[in-house]
Amino acid sequence: MMKVFKFKVTKKDPKRLGSFLGSKHFSKQAILNAKHNGGMILVNKKRRYTNFILKNGDFVYFAMGEEKLNKYLKPSNAPIDICFETENYLVINKEAGVLSIPSRYEDDSALVNRVLGYFSKRPSSEQKFLKPHVVTRLDRDTSGLVLIGSNALAHGKFSELKKDVFIKKYHAIVHGNFETLTGLIEAPIGKVGSSVKRAVKVDGQYAATKYRVLEQKNGASLVELQLLTGRTHQIRVHMSYLGHPLYGDELYGAKDDFSRQALNCYYLSFPDPFTNKIQEIQIAEPIDMQNLWSEL
């Protein structure tokens, strides 16, 4: 079913229709889709071009057109654990071992493929307006909450949210015990040669991570971490930098028998960009991390 957005033009809004729609987070492609792929753009219920000049008090109606899917993207019927869903986005509990997006070598069972398969079960009148857009991505072997937009508008709106209101928290099991139980790690992260590995480097990009030690055992710690920036492998690099590599993370110095990095995104909080309501989603630790902690 086509979703129609309605806006009232105020004195502060751009007056050219195209600019006005851009200020509401509609991309150029979304505007083109509305014009040419089954959507509509109206001002006071009359079709208008994007160069139309708006007046204060006008009502703009925008209906999303059909989003063209990548013809090579394969839908998958593999299961997904949906924690929360609206007509514009889903929050999914991703299991370890599943890619967030397809790779060149594995293109049929990533989270995006699974969401596409989930959408394909909707009535055909809805399917053409649904397309998965990953907003928060996790490494293959990191488990936990992933936010996926159901259309390009949702992806654009979430991308505009500031880091201080879009809160992501993780639990990690790391080697060693801490003397300082809370802290802020500010250490720039950059690439190591042409490999996937990252490291703290003077010429790297600014990266900041808050941590809080929840519990300690002899030689191991359970830590809560909050990302303040979003660098590749940020938590893994920062914990290794402190001398506390994650269990299972051989790439960053761990030597143990855990089968993957012991890292789980257990909490998301954000203002819904369509309603401004604060959404909070929290999940329990996966069984493998629960078992690891109990056995240590």
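1. A term to settle at the start: buried means under 20% relative accessible area, exposed over 50%, and partly exposed in between, using a 1.4 Å probe and protein chains only. By that yardstick, histidine 233 is buried, with a relative accessible area of 11%.

2. A word on the basis of these notes. This is a predicted model, in which local features need pLDDT of at least 70 and side-chain atom pairs count only at pLDDT 80 or more, while totals for chains, interfaces and linings use all residues. Residues are numbered from 1 along each chain as its sequence is written, and side-chain values use heavy atoms, with hydrogens and water left out.

3. Do look at the backbone of histidine 233, which sits in the loop between strand 14 (220-227) and helix 6; helices (H or I, at least four residues) and strands (E, at least two) are DSSP runs, numbered from the N terminus. Most residues other than glycine have a negative phi. Histidine 233, a residue other than glycine, has a positive phi near 60°.

4. Asparagine 276 makes a nice companion case: its phi is positive too, about 70°, although it is not a glycine. Its place is in the loop between strand 15 and strand 16 (278-282). Asparagine 276 is exposed, with a relative accessible area of 63%.

5. Which residues are closest to the centre of the largest pocket? Of the 36 that line it, they are Arg137, Leu138, Asp139, Thr232 and His233. The lining divides into 15 nonpolar, 11 polar and 10 charged residues (nonpolar: Ala, Val, Leu, Ile, Met, Phe, Trp, Tyr, Cys and Pro; charged: Asp, Glu, Lys and Arg; polar: the others, Gly among them). Helix 5 (152-159), strand 9 (167-175) and helix 6 (234-241) each supply at least two residues of this lining.

6. Helix 5 deserves its own look. Its buried residues include Leu153, Ala154, Gly156, Lys157 and Phe158. Among the elements covering the buried residues of helix 5 are strand 1 (4-8), strand 6 (89-94), strand 8 (143-149) and strand 15 (263-271). At the start of the helix, a side-chain oxygen of asparagine 151 comes within 3.2 Å of the backbone nitrogen of leucine 153.

7. Lastly, alanine 34 lies in helix 2 (residues 28-36) and is buried, with a relative accessible area of 1%. Leaving aside neighbours within four places in sequence, alanine 34 is in contact (heavy atoms within 4.5 Å) with Gly39, Met40, Ile41, Phe62, Ala63 and Gly65. Its C-alpha atom is separated by 9.4 Å from that of glutamate 67, 33 residues apart along the chain.

Conventions:
1 Å grid on protein atoms, 1.4 Å probe; cavity = no way out; pocket = protein on both sides within 12 Å on 5 of 7 lines; lining within 4 Å. Polar contact = N/O pair within 3.5 Å; in protein donor to acceptor, adjacent residues only side chain to side chain.
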